[in-house]
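Visitor: Please take me slowly through a single part of this structure, and explain each term when it comes up.

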Amino acid sequence: MTAWLMLAKEASKRVSEGYDDHPSTHYSWDSTVPNHGNVQVGDVIVLWDSKKLLGLSTIEAISQGESTKQTPYCPKCEKADVAERKKLLPRFKCWNKTCRYTFDNAHWKTKEVKTYRSQHESAWISADGLFSADELRPLCVKPKSQNSLRELDWEKVRQALANISEPISLNIIDATQKAIEGGHTITTVRTRRGQGSFRKRLLKHFGEKCAFAGPTPPQALDAAHLYSYAANGEHHTSGGLLLRRDLHKLFDLGLIAVNPKNKKLDISEELMSYPDYKKLHGSWVTVPVTPEHMKWIVEHWKMHRDTEHDNAILT
Ligand SMILES: [Zn+2]
């Protein structure tokens, strides 16, 4: 199981360097970065901003491309092992062992680079400021690494996340990983930009009604929809459901599922101590279930309530 600590610098800096990032949905890097080719779909991505942790997720997809990039090289020895310094002047230093020249104006050359962009929206867990940079570094396989892509010791990260005063659940990361490994490619996403009209259609179709809990004010309803990793975030407009926000979140985490055999809600053991959720256990979905709904209800069930027995029945 591989996890990566990736540096999301301040937006302005990254944009000026030609990267287009949004920590909760995607991250870009290129072949000038060590480890660039080692990152795989299904790996965990942990993003920080050099001062603190931002959040973490499972990588659903990596798109690759080609581009060119201006890279500095040393005017003296002509090696590209040149770093731009944040505080010290002169601005550049050559790290070539036999050179170590410092200079204000680098020479630049155009380099062909491979580009990579992760997509990791579905499993994103915001953990802004939960760990400082000093707490993150020891969790790396090489704590002294200065690379923008660093391998993490995932077991250490898990333990660190379990040992804080309010531990965060990693269920969504684990479930997404399991789904990717098992070849399942479908989950739901929370309401996003571009779904406005989709949401309106669902409200018109179902009324102000949560598919799990019944009548609900529209302000508290999310449009939940079919989402395919392989389709790179494409919006599927059939098979949507309106879900009360808390129930949607719990459904995404697999704490609530719909049993495809009887279309009744299945509340996880973990939620049974909460009377409001417990009383939903075994109740029917409140809206007509279409074949499109069934497709993702089945996928969701496989992902979160997976047993050989159930799969044998479903497939
Ligand atoms: Zn040099």
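Guide: A residue is called buried when its relative accessible area is under 20%, exposed when that value is over 50%, and partly exposed in between, using a 1.4 Å probe and protein chains only. By that rule, 45% of the 315 residues of the chain count as buried. The model is predicted, and local features need pLDDT of at least 70, side-chain atom pairs count only at pLDDT 80 or more, while totals for chains, interfaces and linings use all residues. Residues are numbered from 1 along each chain as its sequence is written, and side-chain values use heavy atoms, with hydrogens and water left out.

The part to look at is the zinc site and what surrounds it in the sequence. The zinc ion is coordinated by the SG atoms of Cys74, Cys77, Cys94 and Cys99, at 2.2 to 2.4 Å; a donor here is an N, O or S atom within 2.8 Å of the metal (3.2 Å for Na, K and Ca), and because water is not among the atoms, sites may look incomplete. Along the chain, these donors follow the spacing C-x2-C-x16-C-x4-C. The angles among the four donor atoms run from 101 to 116°, and the site is tetrahedral, a word used for four donors when all angles lie between 85 and 135 degrees. For comparison, the ideal angle for four tetrahedral donors is 109.5 degrees. Of the four cysteines, Cys94 and Cys99 are both buried.

Next come the strands, which are DSSP runs of E with at least two residues, while helices are runs of H or I with at least four, both numbered from the N terminus. The chain has nine helices and 18 strands, and among the strands an open sheet of three has the order β6-β7-β8 with antiparallel pairing, where two strands pair if DSSP finds at least two bridges between them. Because β6 (82-84) and β8 (102-103) stand at the edges with a single partner strand each, one side of each is left without a neighbour in the sheet. Strand β7, residues 92-94, pairs with β8 in the antiparallel sense over two bridges, and Lys93 stands opposite Thr102 in β8.

Lys93 also has an aromatic partner, for its charged end sits over the ring of Trp95, 4.5 Å from the ring centre. A charge sits over a ring if NZ of Lys or CZ of Arg is within 6 Å of the ring centre and within 35 degrees of the ring normal. Lys109 likewise lies over the face of Tyr73, at 4.5 Å from the ring centre.

Rings can also pair with one another, and such a pair is described by the distance of the centres and the angle of the planes. Rings of Phe, Tyr and Trp (its six-membered ring) pair if their centres lie within 6.5 Å, with planes under 30 degrees apart counting as stacked, over 60 as edge-to-face and the rest as tilted. The structure holds seven aromatic pairs. One of them joins Tyr101 and Phe103, whose ring centres are 5.4 Å apart with planes at 25°, so the pair is stacked. Tyr101 is partly exposed at a relative accessible area of 32%, whereas Phe103 is buried at 5%. Ring pairs link these two residues with Phe92 and Trp108 into a cluster.

Terms used: Four donors count as tetrahedral if all angles lie between 85 and 135 degrees; four count as square planar and six as octahedral if opposite donors are over 155 degrees apart and all others between 65 and 115; anything else is irregular.
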